[in-house]
Structure formats: C-alpha cells, structure tokens
Amino acid sequence: MTGRALLGLGAAAVALLLALVIWARVPAFIALIIVALTTAVASGIPLDESVGVVTGGIGKTLGSVIVVVGLGAMLGRIIEVSGGADALARYFTQRFGKRRVVAAVTAAAFILGSPVFFDVGFIILAPIIFGFARTAGFNPLKIGLPVGATLLTVHVVLPPHPGPVATAEILGAELGTVLAVGIPLAALTAVIGFFLAKLLRTDGVELLESPATEVPEEVKNPPSPWVVMGLIALPIVQILVGTAGVILTEEGTTAHGLVSFLGSAPVALLTAVLVAWAVIGGQRGWSLEHGSGVLDSSLPAVAVIIFVTGAGGGFASVLTESGIGQVLSDLLTEAHMPVLLTGYLLSLALRGAQGSATVAMLTTAGLLAAPIASGAFGALDTALICVAIGFGALGLSHINDSGFWIVTRYLGLSVKEGLKRWTLLSTVFSLVGFAATAAVYVVV
C-alpha cells in the first residue's frame, strides 16, 4: 500500500472509531477491537497475523497497566471508604479557601508527578480530586482536567520518566541539561495551562459513573489528613528513592537489583496498599474479611478502564505495525523544516496517529538522531530539542491513548466530552510548552 493510501486508511480508521463510539453508541472496547482488526486487514497485514498484532498490543499494554490500575484503585478505595479523601479535602479547603484549592492541588500534581508515571499519579489523586470538589462545592472537572494535564506534562518532559530519558540518550543530550531547561519550561507550561484551563466550560457537564465518585456518606472518625497524605506519599517516595538508587548503584550489583525492585511502581503501590490496609483497617477496627472486601470492591469499578485501555493498545499496535506512523514521519521529515519544529511536529503527529507518547518520542528521536549528530548543535540546543519532542508527545491525547481512557473514565466524561475537553486541553498544554521552548531556543 502506498504512503498516501496508508495516511488515508489511518484517517478513516480514526473516523470510523469516532463514529462507532459517539454516534452508534458501540461500547468503546468492542469498537476498538472492530476498528483494530479492520485496519490491520485493510493495511495489508496477513489475515493469520492480524489477530496476533491486535492481541499482542493488548497484552503489551495490559502488562504495564493492569497491576498499576488495580493496586492504585485499591489504595484509593481504602482512603475513600474510610472517609480519608473527604477529611483531606476539608483540611486543605479550610486552610487554603475555595479560591486556592484548584491551584494547590495542581501544584501538588506537578511535584508528585516528577517521580511517578502519569497513570499512577492520576489514579492516586482521583479520589482526592472528587473529595476537594465535593467539599468546595464545584464540578470535579475544574480540578481534574488541569491536574491531569500537569501530570502528563511532567511525564513527557522530565527525567526520570522513560520517554525523556530515552530521547536524551538517543540524541546524545545530557540529562542534567535536559532537567535544567525542562523543569522551568514544564513549570511555566503548567502555570499558563492552568489559567487557560479555566476557560473550559465545566459547569453543567453531565458526568458518567466513575470509580472515583463511589464514596459513602460522611464517615465518623476518619483517618487523620496527615495519615492520608503519608499513604499517598509512600509509593511516591519509594519510587523516588528507587530511581535515585538505580542511578547511584552500579548495574549488575545486588544493591542495584534491590533498589530497582523496591522502586518499581507495582511494588511501591503494593507496599502502600498493605500499609494502608494495616494502618486504616487497624484504626477503624476492620476485620480481615471486611478489609479484604473493601479491596475487592475496587476492582469491578476499574474493569472497564482496564479492558478499554488494553483494546486501545491493540489499536495502537496496528497503527504502528501497518506503517501509518512511519509514513507520517517521512512526510514531515521531507518538508525540510527547522529541527526543533520538525521534532515537535513529528512527535505530535505520531502521538495522534498511534497513541503512545513514549513511542512518539522514541521514533522522533531516532529519525532526528543523524541530523542532530551531523549538525552544529550544542548541549543546550540538543536539550531544548529533547524538550520540544516531549511537548509534541503531550498533545492530541485521544481515543487511541490509554491515558485518554483513564482520565475520561475516572472523571466521568463521555467520549465526546473527553474529546472536547481533555484532548483540547492536552493540545493546548502542548502548544504552550512548545512556544516557550521555541522562544528560549531562539534567544540562546
């Protein structure tokens, strides 16, 4: 199939998926499977391999998501059922006031998102977002959207997240320089994006049922806000210590393996769940059977998220395997644009085409490695190109992105409302970040 035909097929696949989900009301999981298989066959992938490509993408995606989503839901459920989310919300609302709550939680998301993956941070913060919204008396989208966009900004721009680290390695950029320019640019993007997010209409938006909204009536004698904050911080600190330990220890040593194991997201969240079960369950006098029931009750609520996320991974796998993403890359590369702009647009196009921010960043870095190596780019220039690529991967989060489904399902947004708000906001953050990066690039 020619490059132009592949581009047309990719556009048709996305259009079909949107039509099935938005207008035909087909469940997202079924729609994603139908479109993934159809696209695989239409692109020329052999029939006997098409199913394997789809299921392989599903398996790869779920391998990294299912444990994190499950354990994160359990930790959130314990905090919710015990009344901890509302207690924390009341604590901060009383001290910051309604007008400062959204800004405070968004700033916390920027800090907390530094050592943890986007999905981990959002799942942990989701029940707190709804707790603040209930206490302050406004729509949870007012907090959830800027918090999600801020977490995603940190995830695609700053080490130690895998995308920025791998991009820097491929392009030969120094991680210290990437951090030095990335932190202020990411912070500026979060601040500007926060104010722009206020322009999005949230009042009157009808929300669907969400795992984060299933909170019981006010609980007597809830856990202390400091206990709740400690439980939220525990996996974050554990991951941060593990990340630092991996850097400071020599690969292949026992110490390196130990800190890598303890600092992994699944182990950190498992630790937090067990500690929360012991601390909160003990405080409230839960029996082992009751505590186990609380944990189990969190899983049905996230089943849809897990299935839809996996199906999205299958669709992304087909888009990558069919060559649609590569055709987009070739098209932009041949346009002979400035490297910084080319990197941003390549990453943005790949992100929109196949969904994964990390894949978009690595593919873009691979395509630009030779031009950068042969050009007269200094350490600062290369670091800024890395950051621009990250901001490209920030935009166009839509139906083929697992993060889109996590955000929309947890915030209770329909697909149509998710596209109008989350996809738009992620792209706005992306444009703001690139504009700031380009301004610095021109100056230096």
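Before you click on anything, one definition: a residue is called buried under 20% relative accessible area, exposed over 50%, and partly exposed in between. Keep in mind, too, that this is a predicted model.

**Stop 1: helix H2 and a nonpolar patch**

Start with Ile-30, which you'll find in helix H2. Its relative accessible area is 41%, so Ile-30 is partly exposed. Now add Phe-29, Ile-34 and Phe-307 to the selection: together with Ile-30 they make a nonpolar surface patch of about 360 Å². Helix H2, residues 28-42, supplies the largest share of that patch, with 3 residues.

**Stop 2: Leu-20 in helix H1**

Next, select helix H1, residues 3-23, and pick out Leu-20. Is Leu-20 buried or exposed? It counts as buried, because its relative accessibility is 17%. Show what surrounds Leu-20 and, leaving out residues up to four places away in sequence, you'll see it touching Arg-25, Val-26, Ala-31, Ile-34 and Val-35. Ile-34 may ring a bell, since it is one of the residues in the patch from the last stop.

While you're here, try the distance tool on Leu-20 and His-155. Their C-alpha atoms are separated by 31 Å, and the two residues sit 135 residues apart along the chain.

**Stop 3: the largest nonpolar core**

Time to go inside. The largest nonpolar core has 129 residues, and Ile-143 and Tyr-410 touch the most other members. Which helix gives the most to this core? That's helix H6, residues 118-136, with 13 residues. As a general background note, nonpolar side chains tend to be buried together in soluble globular proteins.

Zoom in on Ile-143. Not counting residues up to four places away in sequence, Ile-143 touches Val-101, Val-102 and Val-105, along with Ile-129, Phe-132, Ala-133 and Phe-138.

**Stop 4: Ile-232 in helix H10**

Now select Ile-232, which has its place in helix H10, residues 225-248. With 7% relative accessibility, Ile-232 counts as buried. Its contacts, again without residues up to four places away in sequence, are Ile-79, Leu-88, Ile-124 and Ile-128. For another long jump, go from Ile-232 to Val-53: they are 179 residues apart along the chain, and their C-alpha atoms are separated by 37 Å.

**Stop 5: Thr-189 in helix H9**

Move to helix H9, residues 175-197, where Thr-189 is found. Thr-189 has a relative accessible area of 1%, so it is buried. Leaving aside neighbours within four places in sequence, Thr-189 is in contact with Thr-153, Phe-391, Phe-429, Val-432 and Gly-433.

**Stop 6: along helix H12**

Select residues 265-284 to light up helix H12. How far apart are its end C-alpha atoms? They are 27 Å apart, which agrees with the 28 Å that its 20 residues should span at 1.5 Å a residue. Colour the buried residues of H12 if you like: Ala-265, Val-267, Ala-268, Leu-269, Ala-272, Val-273, Ala-276, Ile-280 and Gly-281. Then step just past H12 to Gly-285, which takes a positive phi of about 70°.

**Stop 7: the salt bridges**

How many salt bridges are there? The count comes to 2.

For one of them, select Arg-351 and Asp-401, whose side chains meet at 3.1 Å, N to O. This pair links distant parts of the chain, 50 residues apart: Arg-351 is in helix H15 (residues 339-354), and Asp-401 is in the loop between helix H17 (379-394) and helix H18 (402-411). Arg-351 counts as buried at 2% relative accessibility, and Asp-401 is buried as well, with a relative accessible area of 8%.

Now for Glu-417 and Arg-421, whose side chains meet in a salt bridge of 2.0 Å, N to O. Both are in helix H19, residues 415-443, and because they are 4 residues apart, about one helical turn separates them. Glu-417 counts as buried at 17% relative accessibility, and Arg-421 counts as buried at 5%.

**Last stop: Leu-396**

Finish in the loop between H17 and H18, where you'll find Leu-396. Leu-396 is not a glycine, although it has a positive phi of about 55°. Most residues other than glycine have a negative phi. Leu-396 counts as partly exposed, with 31% relative accessibility.

Conventions. Residues numbered from 1 in each chain as written. Predicted model: local features only at pLDDT ≥ 70, side-chain atom pairs only at ≥ 80, totals over all residues. Heavy atoms only, no water. Core = buried A, V, L, I, M, F, W, Y, C linked by side-chain atoms within 4.5 Å. Buried < 20%, exposed > 50% of the residue type's maximum accessible area, 1.4 Å probe, protein only. Helix = DSSP H or I, 4+ residues; strand = E, 2+ residues; numbered from the N terminus. Contact = heavy atoms within 4.5 Å. Expected span 1.5 Å × (residues − 1). Patch = residues over 30% accessible without salt bridge, like charges linked within 9 Å, V, L, I, M, F, W, Y side chains within 5 Å. Areas by Shrake-Rupley, 256 points an atom, 1.4 Å probe, with all protein chains shown as cover. Salt bridge = Lys/Arg side-chain N within 4 Å of Asp/Glu carboxyl O.
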